[in-house]
Every structure is written in C-alpha cells, then in structure tokens.
Amino acid sequence: MKKLYLAMVIAAIMLVLSACSNEGSATESSDSSGESAAPGEGSEKVGFIFVGTKDDYGYNQAAYDGSVAVEEAFPDMEILRSENVPETAEAERVMEEMIRNGAKVIFPTSYGHLEPAMNVAERHPDVAFFHQGGLKNAENLGTYFGNIWQAAYLSGVAAGSVSESGNLGYVVSFPIPQVLLNVNAFTLGAQSVNPDATTTVAFTGSWCDPGQQASSVNSLAEQGVDVISQHQDCTKTVIETADRLDIKSVGYHADASTLAPETWVTGAIWNWGDLFVDMTTTAIEGNFKGSEYDGIYRGGLSEGVVELAPFGNQVPDDVKTLVEEEKAAIESGEFHPFAGPIKSQNGDVKIEEGVTPTTDELEAVDYFVEGVIGNISE
Amino acid sequence: MIIEVLTGAIIAGTSVLYATTGELISERAGVINLGTEGSMVSGAMAAFAATAWSGSPWIGLAFGAIAGLLISLIHAFLVIDRKANQLATGLTIMFFGLGLSAFFGRSLVDKQINGFESIDIPLLSQIPFVGRILFTHDVLTYLSYLLVPAVWFFLFRTKWGIILRGAGENEQVVYAYGKSPKLVRYLAVMAGGLLAGVGGAQLSTAFTHTWIEGMTQGRGIIAVALVIFASWLPFRAMLGAYLFGGAYALQLALQGRGVDISQFLLFMLPYVLTLVAMFIVERKQRNMMPLGLKDVFEGGGN
Amino acid sequence: MSFLQEKMRFPGSQWIVGYVLPILLFALFLLLQGVNPIATFGNMISSVFGDFYGFGEVIIMTTPFILTALATVIPARAGLVNVGGEGQLAIGALTSTIAAVFLIDGWPMWIGLPLLMIFGALGGMIWAGIAAVLKAKSGMNETITTLLLNYIAFYTLAFFVHGPLKDPTSFNWPHSPELSDSLRLPTIPGSRIHIGIVIAIVIAVGMYFLFKKTRWGFYLKIVGGNPIAAFQSGFKVNKLQFWALVMGGAIAGLAGMIEVTGIEGRLRQTTGVDYGYLGFLAAWMARNHPIGIIFTALIIGMISVSGNSMEMTAGLPASVVHILMALVLFGILAMGRKSKS
C-alpha cells in the first residue's frame, strides 16, 4: 500500500507543478507591454538558428557566414546562435529562449522554421523576425530569400557547354520546390546551349549523407553523366568524388572551387552578409515596418544576394564569355530563364508562351521540366 | 545495370561489412553491442583527423581502429563488469560516440585528405564481368575480402575460436582451457569495436573522403541486424552487407532510369530487403543463437 | 520492486558513481574547452527552474518520453526488448493525422480527440504488430525487427507528407495541412503546455496498477521472469508477449498523436525524431518501473531543454548535449543492475 500511496503523491505533485506553471507562463515580453516599440528596435542581441551545423560547406555555412558578417558590422552586438534546430515545434522553444536572453532580432534560417517563428512572433510583437525562404509573413516577421535559380540557370549554361555527352546529373535531397526549381533552371540553362541536354536526378533522401552522395555520384557516372551538380546541405563529397572519377562538377551554396580546381565548373552560391547587416540595421533603428524587409523579400544576382562562383581552370574562355553575357541579360531584366513556354516532363505546358511567372508561382513548383530524368513522388 | 548494381553493392557495403564482422565476433562471445554505431562514427572521425594531420591514410586507419576499440571498451566495462543491460548500454554508447565525434570533429569538416584511392588490380580487374565488380576498389575493400575467411577460420578452426564461442555458449569450455570468460568477452568486444572503427575509417577515408557529424547514418545499427540475419556466420554476414549495399545501388540505378516508383519507397528498400531476408533464413537459426545472447534477448525484462 | 525503495538501499558510493561522477566528468570536459562549468551549470539550471516558462518546456519535452518509455516497459515486463518506439510513434502520428485531415476534420473536440487517440494508438499497434507477428509466426527477434521498422516508418511518414498528405496551401512544401482547432489538445492558456502530460502520467500510474494488481500483470511477470518455465507450466507465452508488444506500440502511437495534436498542429517529416530512443533510455534508467520512468523522462527532458541554453550562452556546439546525456546514463548504468530474479 505504501507504494500505491507514493505513486499517487507523485502524480499529484506533477499535476500541481504543471498547473502552477500556468500562472507564470505568460510568454509575452513584459518589458514592452504598454509601449508599442517597433520590432527589433534598439536590440543589443541578435539570434540565429540553423537547421544543421555551421561547417557543412553548404546551406548552413552560408547562413552562418551571414551571421559572422553581422557580428563584424556591429562589434557591440552579442550574437546568439543555435545549431541543429529541428524544423518542428522545438524551434519555438529555442527562439523563446533567445528572446528571454534579450534578443529582439531573430533569424530563423530554414524554411521549416517558418511556422514555429510565426507562433513566436505573435507572442512577441516587439521582436523582429527575418525568416529564410518562406512565402508568408506577419506584422513583425518578414521572409527573405535569394533567387538562386538565376545562378543555377547560369551554371546550367556552363555545364551544358562543357559537357561532351550532354548527359548531366543532379544529386538532390527531397522533392521540395527549392530543389525542383534549381534542377529545372539548371536544365533549361544547359538546353539553351545544347537542346538535347538531359539531367538525370538522384535523390538521396537526406540533406547530408556522404555515403549516399558518393554512391549517387558513382551511379550517375555509370549512367554516362559527365557533369554533376547538386542540391545538398553539405557539398564537399559530391565535388571530390566526381573529381576522382574525372567528372566535372557544379557547386551549390558555397564556393568550393579549391576542392577540385580542374574539374570544378562553377556554382550557384549565397552571399547573405550584406543583406543580413542591412536587415539588422533596419530593425534596430526601428524601421522594420515599411521597409522592404517586412514582407516577402527576394534578392537575386543584381542585388548581390546570389552569385555565380568563380570558374574552374578547365572552363574555356568562350564559355565564360557566354555565361557572363547571359548573366548581364538576367541582371538587366531583359531575359527571364522561366519565361514561357515551359513544358513539364510529360509535355504539359506549365508556363504559357509570353508569360513570366511570379515569385509565388515559381517557388511552388511541383514538376520537372522536359529533359529531366527522374521521378517526383505523388 | 547488373554490373552497376553489384559494383555499387561492394562500394556501399564494405564499411557495413567491417562493422558486421566485428559485431559478429562480439556476439559470438555473448555480447551484443548496439554501440557499434558509436564505434563506427568515432572511427570515421579519428581516421579522418589522423589522415588529415599525418597525410597518411594508414596512420588514419590505425587511429580509427583505436578509437572504435576505446569506445567499445566502455561497453565492455559496463556490461561485463557492471552487468548493465546490454541493449540500453549500447544505445547510450551510440549517443556518446555521435556526440563526441561531432564535438571533436568540428574543425575537420572542410579539410581535404589524401585518403585511400581506388586501385584496379592488374590482370584480375581485366576478367570480364567479375573483374570490374570485385577488383576496382580501394585497399580496405580488398582487405575485407581477406578478413571474412580469416574470421571464419579463426572462429571455427582455431583453439581461440572455440574459447571465444565458448564464452558465448558454455563457459565450461572456457574454464576447461584455463581461461577467464570475462577476459575473452572483453577481447571479443574490443575486437568488435576495432573492426567497427575500421569500417568507419573506410567510410571516411576511402569511400567518401569526408568527415561530417553523424555520417554513419545508422550503418552501425544495420550491422547489428545483419549479424542476426547472418545467423552468426561470417560468410553470410558478407552476403548480408552486400545485399544491403546492393539495395542502395539498385535504388539509385532505378532512379537514374526514371522508373516510376516513389523515391521514398526506394529509400526503404535496403531495410525492407534486410527484413525479408531475415524472414527467409529465420527458421533455421533459432538454435544457432549463442546461448549467452539468449539471456540478453529473452531475459531482457528486468 | 519499488523503484524508490530500490534507490534508498543504494549505499553512498553508488550515488557518487551514478550522479556525481558524470557531472564532475562533464565539468572537467567543459574546463578543458575553456568554459566555466559553474556558470554553465548555473545557466542550465536557471533555464529549467528559473521561471515557469522553462519548467513548462521541460514538461512538454517530458510527455513523449514518458509514453515512449512505457512502450519499452510493457514489452520488457514480458521479456521483450522494444526498440521501436521511434517508428511506432511516427506511425501513430501519421495515422492520427490522416484521420484528422481526411476523416473527422472539424469534428467537435469531445468526440474528435478520443477518436484521434484511438487512431494514433491503432497506428502504433499496427507497427508494433508487424514485429509481434514476425516474432510469433517465425521467431524473428523483436529487437532487430523493431529497429529496422524505425527506418521504414521514417520513410513511410516522408512518403505521406511529400505525397497524399501534403498541404495544398503550403506551396508544395512537405507537411500536412494544419489540424482544425477542435482537434488540438487543450492547453493551459498563454502557454504551450497541453494536457498530454496528464494523459501520460495517468497511463503510467495505470500501468503500475495493472502490473501490480491484475492477473494479466502477474502473468506478464511470470513470462518475463522465465519464459521457458512459464511455457512449461502452461502459460500462453506467445500470446502474452504478442499483446505486450502490441500494447507498447499503442502507447507509442498515442505519443505520436499527442505530439501532433498537442504541440505541432500538423505532421512534418521530422515529427518526434529521437523521442523513441530517448524514451527507451528513460525506461532502462528506471529499470522498467512504470512510476520510475516519470522521473527519468523528466531528467532527459531537462537535459534536452537546458542543452539549448548551454549552446547559446557558452557557445558550445549542439553535440555537447549528447555527451552530457550519455555521461549521466553511463553513471546510472554503472550503478549496476539490481540482483533481481
């Protein structure tokens, strides 16, 4: 009977404790009640959350470098960072923790952090949120991204030019819009110089599994592919494995030309630093609302948010010239890679002739264009 | 396509093969070690680090093996000396190895190494069909071809093999040879950890030339499953490891041909195949499980 | 049998090995990294106990760990090792989401939530049932099958959120539509704390009585203690083990339902990842005692929550949480197994 009693007492304690937490658990920032300070105004701390680890030669590294730029631009600012934050409600806790530590500007840097950030943003109207990669915003939450597909298109032009077989490969993670958009842009770029070019896609089912990546490169090589691009969070393995097989590679996220100078073609890379610094400045000066960052912001080649990586040693000069010309045309707005007509794999016209898609349409893509060999699960 | 899949099976299967063989030795002595994952990932990190610093993958290999061994030593101490639950301890070791290697491997991620390169063996690699599949790999893959028969010979044809199996089946055998079962188990677990470390080293310094945290992605856990699939027999463990690797390769080969199957179903393939293969061989193996393990599996209640 | 009495009997040295040594080791580790351990521990403690918000977060984290630990405890009573809480939770989350989105969308709470609980539990039962059938029919070891099924469950869930369950308004991003408000677990106003913790504790206490007071619990104990002797004395060992594993799965499935309806509000590819493994560890830390797991789940919950503050304020990488957790577990494992039948 004693044990029974104990068990009941314990249960009771737990219940009381959880009920107690009710009273004090108001998570609204108390210091801002009454005054409606502009989101992020006067913040002395900036928080960054990353979905992976900073040093993966890829997506998170690029965002991390952006946070370092903020650190350098504001020497007195304290930077709070949290890595490996899953794209679940756990992200909410991490953001709350940052706010409790005094951060009023927060960068949730992965797409899946959007919904948790929305919830936190609602509770903390005095905190400014800059979310990476979404299509939704709130009063104090803006979402930004780069038109990396512009650079992916250009690297496709380069890849199509240096490929002898016209068989290109793409190592990707999951069939999500960002991935499909890049594969499509890359393929259209290659087809602009070689109408018969095809892109074979290998899904790895992971954002970073070097073993799967190496196997994918081997498999693509067996299938006669001679230039490989990728959409993975860590990019080193694909580039090095391709190099050992004497296959050319196109990078993503970060400039990795030093890894394989001879087989490196070029790459689509991020340059978040200037943007992050500008967004932080805007917020701490109290100008978040009404700025270009309070809604859905997209920067491309012309804004310097995305860039084309340096060319590899073996890329001929005429290819470089061609790519530079295309780049100038995209920057000036005179050419849009996704201007219709664009057909999907099975021949359906997805973008009509004479139509230029909006950001929303582009970033909700759910198909591969003609010339891509691969299957999207439905 | 057959050549492609079979070659891919060996490429993707070798690291798993080392870990499986190691786990087999450990289980033969009556200790199941889910911490193989922890040994493997630590081995991958240590091997990569040592290769990066020394420039020699062989030194890296040595460090990888030692790292795997040290991690497994914790397991040996806890389950043999402290009689802790084997499965719970193994799982804890897995978390420990993942955390430790992630922590100490942080500065290694962007390093480039001169790891083990693929070497086509002269003449042998010219043999039609088989040559391409078997003899166009790295040194560690070739060593694994020798390892499996060696382990088989050791287990079933040497005195120490009898003693080791005795530790897992019937301690009287071990006493009869004047040895301590405890010592034998320690050695077996350490050998298992060492081979798991070598498997990790193969993954980081030969297969991918990369270190990234958590890069084993459950391969160590698969190794434990494959040992049971293999009914604790070395050659069947080899088959299991290649079956697993082959499923990876097949999945990619199918994708590359635009086959209209959801990639998520394809990703399941290695695990489903392992399960199905276990199902097929299961009936015979019940009486082949080392008795010592039965305590772990069936007496695991309290 | 009592977990608490068991602890009382431990001499001081055991306590040092189990709790003090791991913390000292970790402090040493922090020192070697040039981090002040006292300040770090202080931060961790204040992030958990400093205010009600922090403690509330611990409660939220603890809830699924209690349930996945129970998913290990029940089969363990019958002598089985269920390492599949991970997959059973995922499938439970999946089936309850499918039901919430396609079958009973917008139904009132009083009927909707109980139905979802049933669907979640069913999902977990099916997943554990696969392993249980394989065990009963062809003697396949449940440790290995449940482990392999975890991977298959992960990709099954991924298949659904990328395909049939994909939210049509999500710009093709892989997650399910949001559950209607009536199908969300009630929360304490102004916080994220939901009634899941009550459900978890009630089930844990219920299990305690089931094990202690019912014939079924008694049978389980006999079977778990010595299956062969039990078989020879005419117990239906296979049947008892089958239902123990399936019931464990049901509770893990329920954990998935609670995670979706209580916290996430929708299903994502990574919903509940690692919760099954951490619950397994909580179960063994408590030596499979149904009340003990409430505390061990709480310890794991506290480490998980305080780990983030360690990262933010001491600048340590996320992996440190794993190291700390493993050290604490090593300590507890090293305290040795009680010399029970």
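A residue counts as buried if 20 or more other C-beta atoms lie within 10 Å of its own. The views below are taken from a predicted model.

**Figure 1. Surroundings of C:Pro64 in helix α4 of chain C.** C:Pro64 has 29 other C-beta atoms within 10 Å and is therefore buried. Leaving aside residues up to four places away in sequence, C:Pro64 touches C:Ala255, C:Ile258, C:Glu259, C:Gly272 and C:Tyr275. One of these partners, C:Glu259, is separated from C:Pro64 by 195 residues in sequence, yet the two C-alpha atoms are 7.2 Å apart in space.

**Figure 2. The buried and exposed sides of helix α9 (residues 215–225) of chain C.** Three residues of this helix, C:Leu220, C:Val223 and C:Gly224, are buried. Viewed down the axis of α9(C), the buried residues fall within an arc of 95 degrees, so they line one face of the helix. An α-helix has 3.6 residues a turn, so residues three or four places apart point the same way. The other side of α9(C) carries C:Arg215 and C:Phe218, both exposed. Packed against the buried residues of α9(C) are α4 (52–77), α8 (196–213), α10 (227–232) and α11 (237–264) of chain C.

**Figure 3. Packing of helix α6 (residues 109–138) against helix α7 (residues 142–162) in chain C.** The two helices pack at an angle of about 145 degrees, and their axes are 9 Å apart. The crossing of α6(C) and α7(C) is right-handed. From α6(C), the residues C:Trp127, C:Ile130, C:Ala131, C:Leu134 and C:Lys135 take part; they meet C:Glu142, C:Thr145, C:Thr146, C:Leu149 and C:Ala153 of α7(C). Sorted by class, this contact comprises 6 nonpolar, 2 polar and 2 charged residues.

**Figure 4. Two loop residues of chain C with positive phi, C:Asp274 and C:Arg287.** Most residues other than glycine have a negative phi. C:Asp274 has a phi near 80 degrees and is placed in the loop between α11 and α12 (275–285) of chain C. With 14 C-beta neighbours inside 10 Å, C:Asp274 counts as partly exposed. For C:Arg287, phi is near 50 degrees, and the residue is found in the loop between α12 and α13 (292–314) of chain C. C:Arg287 is buried, because 22 other C-beta atoms lie within 10 Å.

**Figure 5. The crossing of helix α7 (residues 210–222) and helix α8 (residues 236–244) in chain A.** The axes come within 9 Å and cross at roughly 35 degrees; the crossing of α7(A) and α8(A) is right-handed. On the α7(A) side the contact is made by A:Pro210, A:Gln213, A:Ala214 and A:Val217, and on the α8(A) side by A:Thr237, A:Val238, A:Thr241 and A:Ala242. The residues of this contact divide into 5 nonpolar, 3 polar and no charged. The chain around this pair has 11 helices and 15 strands, and 59% of the 378 residues of chain A count as buried. Among contacts in chain A with a separation of 6 or more, 66% join residues 24 or more positions apart.

**Figure 6. The cis peptide bond from A:Gly340 to A:Pro341.** Most peptide bonds are trans. The bond between A:Gly340 and A:Pro341 is cis, with omega near 0 degrees. A:Pro341 is found in the loop that runs between α10 (317–331) and β13 (342–343) of chain A.

**Figure 7. The contact between chain B and chain C.** Chain B gives 44 residues to this contact and chain C gives 46 residues. On the side of chain B that touches chain C, the elements giving two or more residues are α4 (86–104), α10 (219–229), α12 (263–285) and α13 (291–298) of chain B. By class, this side of chain B has 25 nonpolar, 11 polar and 8 charged residues.

**Figure 8. Spans of chain B listed as "transmembrane region" in an unreviewed UniProt entry.** The entry lists residues 58–80, 87–109, 129–155, 221–244 and 264–281 of chain B. In the model, residues 58–80 of chain B are 100% helix and 0% strand, and the end C-alpha atoms lie 32 Å apart. Residues 87–109 of chain B are 78% helix and 0% strand, with end C-alpha atoms 31 Å apart.

Conventions:
Residues are numbered from 1 along each chain as its sequence is written. Chains are lettered from A and ligands numbered from 1 in the order in which they are written. This is a predicted model: local features need pLDDT of at least 70, side-chain atom pairs count only at pLDDT 80 or more; totals for chains, interfaces and linings use all residues. Two residues are in contact if their C-beta atoms, placed from the backbone, lie within 7 Å. Helices (H or I, at least four residues) and strands (E, at least two) are DSSP runs, numbered from the N terminus. Ala, Val, Leu, Ile, Met, Phe, Trp, Tyr, Cys and Pro count as nonpolar, Asp, Glu, Lys and Arg as charged, and the others, Gly among them, as polar. A residue is buried if 20 or more other C-beta atoms lie within 10 Å of its own, exposed if 12 or fewer, and partly exposed in between; C-beta atoms are placed from the backbone. The arc is that of the directions from the helix axis to the C-beta atoms. Axes are lines fitted to C-alpha atoms, for helices over the stretch in contact, and angles run from 0 to 180 degrees between N-to-C directions. A crossing is left-handed if the near helix is turned anticlockwise from the far one by less than a right angle, and right-handed if clockwise. UniProt positions are given in the numbering used here, feature names are shortened, and annotations may be inferred rather than shown by experiment.
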